[in-house]
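Biologist: Could you take me through this model, beginning with how its helices pack and then turning to single residues?

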Amino acid sequence: MLESFSRTPFFGLALVLCCWVLGVRLQKKTGWLICNPVLTSSLMIVVILAVTGIPLSHFQIGGSFVSLLLGPATAVLALNIYQQKEVLQENFVPVLAGCTAGSLVSILAAFLLCRLFQTNSIFSASMLPKSVTTAIAMGIAESGGGIPGITAASVVMTGIEGAVLAPFLARVFHITDPVAEGVAIGACSHAVGTSKALEIGQIQGAMSSISLCVCGIITTLLALLFM
């Protein structure tokens, strides 16, 4: 019976939905950044498929429908920039400079590390967009011949690291300007970092939200030079 059900689109969709709900509840209950729903739900799906022996191809029959939402999710980010247009206009130059520097450093770091460890072109293409939000990162990776699964995992880990380290680094380097702090968080740790920036302050959250969108655009353009 399980074998027959796993061959239907409902299996993949139901598994994604159930694991996502459990992941969200786990994060709310623990409050730990490491329990990001994207990470925990992905791990749950991997474990379930491994334990039950259900082929990945069966899961993808329904699970692939979720990927269709990445396009609309990316387009919705434009609404975020529009909603924060007044803040962006007031700080256009520092935001653009900070996002450009952050995107360039992120891509260069990933590119040089991949060269250092002599990884193949597929893995390199998967790692380059690690510092932008998942919807954009997976699109960049796919267009460059990368593996979206690796990209998604690297994006989640980058976001969690940035959210954890950002407040500490701000204190170490005496960054007190809320605009600078917000741009830095959004540029390096996208949506996960933005959730932390919102906890720090309203301005930090707004600037981080703008930054993750602007960095997505800049990274998309820069990736053309490295892929």
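Biologist: What is the handedness of the crossing of helix 2 and helix 4?

Modeller: This is a predicted model, and in it the two helices pack with their axes 6 Å apart, at an angle of about 60 degrees. Helix 4 covers residues 56-67, and its crossing with helix 2 is right-handed.

Biologist: Which residues of helix 4 make the contact with helix 2?

Modeller: On the side of helix 2 the contact is made by Pro9, Phe11, Gly12, Leu13, Leu15 and Val16. By class, the contact of the two helices has 9 nonpolar, 4 polar and no charged residues. The partners in helix 4 are His58, Phe59, Ile61, Gly62, Gly63, Phe65 and Val66.

Biologist: Are helix 2 and helix 3 roughly parallel or oblique to each other?

Modeller: The axes of helix 2, residues 9-30, and helix 3, residues 37-52, come within 8 Å and cross at roughly 130 degrees. An angle counts as roughly antiparallel over 145 degrees and as roughly perpendicular from 65 to 115. The crossing angle of helix 2 and helix 3 fits neither class, and the pair is therefore oblique.

Biologist: How many charged residues does the contact of helix 2 with helix 3 have?

Modeller: Helix 2 passes helix 3 in a right-handed crossing. Residues including Phe11, Cys19, Trp20 and Gln27 in helix 2 meet residues of helix 3, among them Pro37, Met44, Ile48 and Leu49. Sorted by class, this contact has 14 nonpolar and 4 polar residues, and as for charged residues, it has no such member.

Biologist: Which cysteine has the sulfur nearest to that of Cys19?

Modeller: A disulfide requires two cysteine sulfur atoms within 2.5 Å, and by this rule the count comes to 0 disulfides. Cys19 is in no disulfide, since the nearest cysteine sulfur is 6.9 Å away, and that sulfur belongs to Cys18.

Biologist: Is Cys114 buried or exposed?

Modeller: Cys114 is likewise in no disulfide, the nearest cysteine sulfur being that of Cys188 at 19 Å. Its relative accessibility is 6%, and because the limit for burial is under 20%, Cys114 counts as buried.

Biologist: Which residues is Asn91 in contact with, leaving aside its neighbours within four places in sequence?

Modeller: Asn91 has its place in the loop between helix 6 (85-90) and helix 7 (92-116). With a relative accessibility of 16%, Asn91 counts as buried. Once the neighbours within four places in sequence are left aside, the residues in contact with Asn91 are Val179 and Met207.

Biologist: How far apart in space are Ile210 and Ala50, C-alpha to C-alpha?

Modeller: Ile210 lies in helix 12, residues 202-226, and at 1% relative accessibility it counts as buried. Ile210 and Ala50 are 160 residues apart in sequence, and their C-alpha to C-alpha separation in space is 39 Å.

Biologist: What is the phi of the glycine that follows helix 9?

Modeller: Helix 9 spans residues 134-143, and its buried residues are Ala135, Ile136, Ala137, Met138, Ile140 and Ala141. The helix is followed by Gly145, whose phi is positive, near 85 degrees.

Biologist: What is the relative accessible area of Gln118, and what is that of His174?

Modeller: Most residues other than glycine have a negative phi. Gln118, in the loop between helix 7 and helix 8, nevertheless has a positive phi of about 55 degrees, and His174, in the loop between helix 10 and helix 11, has a positive phi near 55 degrees. Both residues are exposed, Gln118 with a relative accessible area of 70% and His174 with one of 66%.

Notes: Residues are numbered from 1 along each chain as its sequence is written. This is a predicted model: local features need pLDDT of at least 70, side-chain atom pairs count only at pLDDT 80 or more; totals for chains, interfaces and linings use all residues. Side-chain values use heavy atoms; hydrogens and water are left out. Buried means under 20% relative accessible area, exposed over 50%, partly exposed in between (1.4 Å probe, protein chains only). Axes are lines fitted to C-alpha atoms, for helices over the stretch in contact, and angles run from 0 to 180 degrees between N-to-C directions. Helices (H or I, at least four residues) and strands (E, at least two) are DSSP runs, numbered from the N terminus. Angles under 35 degrees count as roughly parallel, over 145 as roughly antiparallel, 65 to 115 as roughly perpendicular and the rest as oblique. A crossing is left-handed if the near helix is turned anticlockwise from the far one by less than a right angle, and right-handed if clockwise. Contact means heavy atoms within 4.5 Å. Ala, Val, Leu, Ile, Met, Phe, Trp, Tyr, Cys and Pro count as nonpolar, Asp, Glu, Lys and Arg as charged, and the others, Gly among them, as polar.
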